[in-house]
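The questions below concern the terms applied to a protein model and the grounds on which each term rests.

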Amino acid sequence: MSDHTTHPPTTMTKDDKAYWSANVRIITICLIIWAIVSFGFGIILRPLISWIGIGGTDLGFWFAQQGSILVFLALIFFYAWRMNRLDRQHGVEEE
């Protein structure tokens, strides 16, 4: 049998909790946008937006093939920009 020692939980300061709360909020917003664009516009809502044409095809097909990829890339850049700003605000930025 191995001896399992317990370590005291890491205590988080109020600023740490604010940082992680903001981080989780940003991730949640990005995931919701990604889901709406990918599944919503590309699959579920496609019949409702098929009358809108873009690039020679309907908008739902465009979102399924190109739009969701472009939005995903935009979300990556947004997340990196926003996290750098959040890191600076909380004093944990990279050097």
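What follows is a series of questions and answers on this predicted model.

Q: What makes up the secondary structure of the chain, and in which order do the elements run?
A: The chain has three helices and two strands. From the N terminus on, the order is α-α-β-β-α.

Q: Why is aspartate 58 called buried?
A: Buried means a relative accessible area under 20%. The value for aspartate 58 is 16%, so aspartate 58 counts as buried.

Q: Why is arginine 46 called partly exposed?
A: The term covers values between the cut-offs of 20% for buried and 50% for exposed. Arginine 46 has a relative accessibility of 30%, and therefore counts as partly exposed.

Q: What makes the pair of aspartate 58 and arginine 46 a salt bridge?
A: The rule asks for a side-chain nitrogen of Lys or Arg within 4 Å of a carboxyl oxygen of Asp or Glu. In this pair the closest N and O atoms are 3.1 Å apart, so the rule is met. By this rule the count comes to one salt bridge. Aspartate 58 lies in strand 2 (residues 57–58) and arginine 46 in helix 2 (residues 46–49), so the pair ties together parts that are twelve residues apart in sequence.

Q: How do you know whether serine 68 is buried or exposed?
A: Serine 68, which lies in helix 3, has a relative accessible area of 14%. The cut-off for buried is under 20%, and serine 68 is therefore buried. Residues up to four places away in sequence aside, serine 68 touches Val37, Ser38 and Phe63.

Q: Why is glutamate 94 called exposed?
A: Exposed means over 50% relative accessible area. With 74%, glutamate 94 passes this cut-off and is therefore exposed. Glutamate 94 is placed in the segment after helix 3 (59–90). Its C-alpha atom is 8.5 Å from that of asparagine 84, a residue ten positions away in sequence.

Q: What makes isoleucine 44 an exposed residue?
A: Isoleucine 44 has a relative accessible area of 62%, which is over 50%, so the term exposed applies. Isoleucine 44 belongs to helix 1. Between the C-alpha atoms of isoleucine 44 and glycine 60, 16 residues apart along the chain, the separation is 9.1 Å.

Q: Which residues make up the largest nonpolar core, and which helix supplies the largest share?
A: This core has seven residues in all: Tyr19, Ala22, Ile26, Cys30, Leu75, Met83 and Leu86. Helix 1 (14–44) and helix 3 each supply at least two residues of this core. The largest share, four residues, comes from helix 1. Tyrosine 19, one of the core residues, is in contact with Met83, Leu86, Asp87, His90 and Val92, leaving aside neighbours within four places in sequence.

Q: Which residues of helix 1 are buried, and what covers them?
A: The buried residues of helix 1 are Tyr19, Ala22, Asn23, Ile26, Cys30, Val37, Ser38, Gly40 and Gly42. Their cover includes helix 2 and helix 3.

Q: Where is helix 1 kinked?
A: Helix 1 has a kink of about 25°, centred on isoleucine 36.

Q: What share of the chain counts as buried, and how much accessible surface does the chain have?
A: Of the 95 residues, 23% count as buried. The accessible surface of the chain is about 7500 Å², and 66% of this belongs to carbon and sulfur atoms.

Key
Residues numbered from 1 in each chain as written. Predicted model: local features only at pLDDT ≥ 70, side-chain atom pairs only at ≥ 80, totals over all residues. Heavy atoms only, no water. Buried < 20%, exposed > 50% of the residue type's maximum accessible area, 1.4 Å probe, protein only. Areas by Shrake-Rupley, 256 points an atom, 1.4 Å probe, with all protein chains shown as cover. Contact = heavy atoms within 4.5 Å. Core = buried A, V, L, I, M, F, W, Y, C linked by side-chain atoms within 4.5 Å. Bend = angle between axes of the 7 residues up to and from the residue.
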